Amino acid sequence: MNKNERIFGLDLMRCIAILFVLFSHARFYLPIADQQSITVLGFWGVELFFVLSGFLIGGILIKTFEKEATGGSLKTFWVRRWMRTLPNYYFFILVNIACVLLLKPPHLRIQHLSWYLVFLQNFAWVKPSFFNVSWSLCIEEWFYMFYPLAVLFFRYVFKFSIKNSFLTAMLLFIAVPIGFRFYCLTIKHYHFWETRMIVISRLDAMMTGVFVAFLKFYHRKAYEKLVGPGAIIGGIIAAVLFVFYLNNNAMEGVNPVIQVFFLTVMTVAFALFLPACNNLKTKSSNFVITAIYKISLWSYSIYLVNFPVVYVLNKVEEKFGLKGGVYSLIFFVLFFALNLFIASYLYKWIEKPFLTLRDKYFKEEKPGTAVPATPIIR
């Protein structure tokens with residue numbers, strides 16, 4: 001998909017999300033005593049990706065299944081997703097192995113490597129420390145697998161319409177993760193941060209985005225009414241959640257019921273921005289617009305490469321004693337520069353060739369630019 005076919009507002013959301021993640025991880029180089037307010041940016045960035053992914057992938061699935069709800073259309077959907085996500089993912093398993101063996105980051109070791117090959121490292125349990133950012137990719141991949149299967153199940157087993165199949169599957173994918181989160185927090189006594197990274201407990205993260213896509217396709221008037229007010233309401237809710245999070249020590253000791261629904265309300269807040277952003281388009285091509293487009297385009301690679309960059313910079317910092325003062329600023333700038341530079345070539349050498357093959361041999365409906373919950377761009 002070229003620049004003119006993309007939706008600027010969605011690129012803007014994606015750009016903001018990945019910059020949130022980068023600023024969160026760049027905190028290591030900032031001489032700031034209270035880093036919790038920066039850490040939350042990474043948390044929010046990934047949640048924003050989840051919502052955006054649900055909206056875009058949901059739109060693709062609705063248009064695809066309304067046209068042809070068959071095993072063949074599902075196979076095409078899966079192959080297209082896998083050709084987008086798997087090449088870089090498996091490449092970065094190797095990159096992270098190399099980082100552990102050569103750089104030896106503290107508290108990081110290779111564990112359960114076979115789980116990573118099939119996205120099981122955080123399926124129903126706390127993730128290992130290896131390949132830290134892969135947890136969100138697992139949630140994304142299992143969403144791709146399970147949600148369309150659920151839609152087809154309700155369509156052919158219960159003979160529901162496609163519309164009702166989508167709606168019923170949505171309700172199921174909201175109810176089960178909420179129940180599992182409560183189980184993790186109260187029975188397994190997992191921490192809030194551990195629970196939010198488990199696949200089964202987070203499959204609802206994409207559902208608010210899917211629901212907005214559902215409104216756009218089946219209830220256009222209701223969707224259009226959200227274009228202005230939705231962003232305002234979403235902004236107010238997000239601000240309240242931000243203050244609550246910071247005032248409650250990153251959810252430490254907060255009632256489990258509040259912890260469970262905090263994540264749900266957060267994704268609702270972000271989803272309310274979608275109608276306005278989906279309507280935000282531009283034909284301008286100045287430096288800022290181009291930068292937003294490029295960062296959005298490279299966001300998947302940026303997400304994957306940013307921790308290896310941290311490992312390398314930390315090793316240099318430690319080996320040569322370059323800590324504090326002007327060195328902190330230099331490493332902060334280097335962190336962003338290296339991420340953007342490396343990601344641009346990863347997109348060119350790994351992502352784009354597979355996207356070209358995919359678009360040549362596997363066609364699909366195009367409601368927009370489909371991006372998974374973690375910066376994976378269609």
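**Group meeting talk: helices, a core and two unusual loop residues**

Hi everyone, let's start with helix α1, residues 8-25: at 1.5 Å a residue its 18 residues should span 26 Å, and its end C-alpha atoms are indeed 26 Å apart, so the two values agree. Please keep in mind that this is a predicted model. As for its surroundings, α1 is mostly covered, with 13 of its 18 residues buried.

Now to the core. Which residues touch the most other members of the largest nonpolar core? They are Y147 and F166, in a core of 121 residues. The element that gives the most to this core is helix α2, residues 36-67, with 16 residues. If you click on Y147 and skip residues up to four places away in sequence, you will find that Y147 touches L61, W142, F166, A169, M170, F173, M207 and V210.

Two of those names, M207 and V210, take us to helix α9, because both are on the list of its buried residues. Helix α9 has 12 residues and reaches 16 Å from its first C-alpha to its last, close to the 16 Å expected at 1.5 Å a residue. Is α9 enclosed or open? Nine of its 12 residues are buried, so α9 is largely enclosed by the rest of the structure. Besides M207 and V210, the buried residues of α9 include T208, G209, V212, A213, F214, L215 and Y218. The cover over the buried residues of α9 includes α2, α5, α6 (162-186), α10 (220-225), α12 and α13 (274-278).

Let's pick out one of those partners, α12. For a helix pair, we describe the packing by the angle between the axes and the distance between the axes. Helix α9 (residues 207-218) and helix α12 (residues 256-271) pack at about 35°, and their axes are 8 Å apart. The crossing of α9 past α12 is right-handed. On the α9 side you have T208, G209 and V212, which meet T267, V268 and A271 in α12. Sorted by class, that contact has three nonpolar, three polar and no charged residues.

Next, some backbone angles for the torsion fans. H107 is not a glycine, yet its phi is positive, about 60°. H107 lies in the loop between α3 (71-103) and α4 (113-117). F131 is also a non-glycine with a positive phi, in this case about 45°, and its place is in the loop between α4 and α5 (134-156). Which of the words, buried or exposed, fits each one? H107 is exposed, with a relative accessible area of 78%, whereas F131 is buried, with a relative accessible area of 1%.

F131 also has a polar neighbour in N96, a residue of helix α3. At 3% relative accessibility, N96 counts as buried, because the cut-off is under 20%. Leaving out residues up to four places away in sequence, N96 touches F130, F131, P308 and Y311.

Finally, have a look at L313, in helix α15, residues 299-320. L313 has 4% relative accessibility, so it counts as buried. Where along the chain do its contacts come from? Setting aside neighbours within four places in sequence, L313 is in contact with Y29, F331, L334, F335 and L338. Y29 is 284 residues from L313 along the chain, while their C-alpha atoms are separated by 9.7 Å.

That's my tour, thanks for listening!

Notes
Residues are numbered from 1 along each chain as its sequence is written. This is a predicted model: local features need pLDDT of at least 70, side-chain atom pairs count only at pLDDT 80 or more; totals for chains, interfaces and linings use all residues. Side-chain values use heavy atoms; hydrogens and water are left out. A nonpolar core is a set of buried Ala, Val, Leu, Ile, Met, Phe, Trp, Tyr and Cys residues joined through side-chain atoms within 4.5 Å. Buried means under 20% relative accessible area, exposed over 50%, partly exposed in between (1.4 Å probe, protein chains only). Helices (H or I, at least four residues) and strands (E, at least two) are DSSP runs, numbered from the N terminus. Contact means heavy atoms within 4.5 Å. Axes are lines fitted to C-alpha atoms, for helices over the stretch in contact, and angles run from 0 to 180 degrees between N-to-C directions. A crossing is left-handed if the near helix is turned anticlockwise from the far one by less than a right angle, and right-handed if clockwise. Ala, Val, Leu, Ile, Met, Phe, Trp, Tyr, Cys and Pro count as nonpolar, Asp, Glu, Lys and Arg as charged, and the others, Gly among them, as polar. The expected span of a helix is 1.5 Å times one less than its number of residues.
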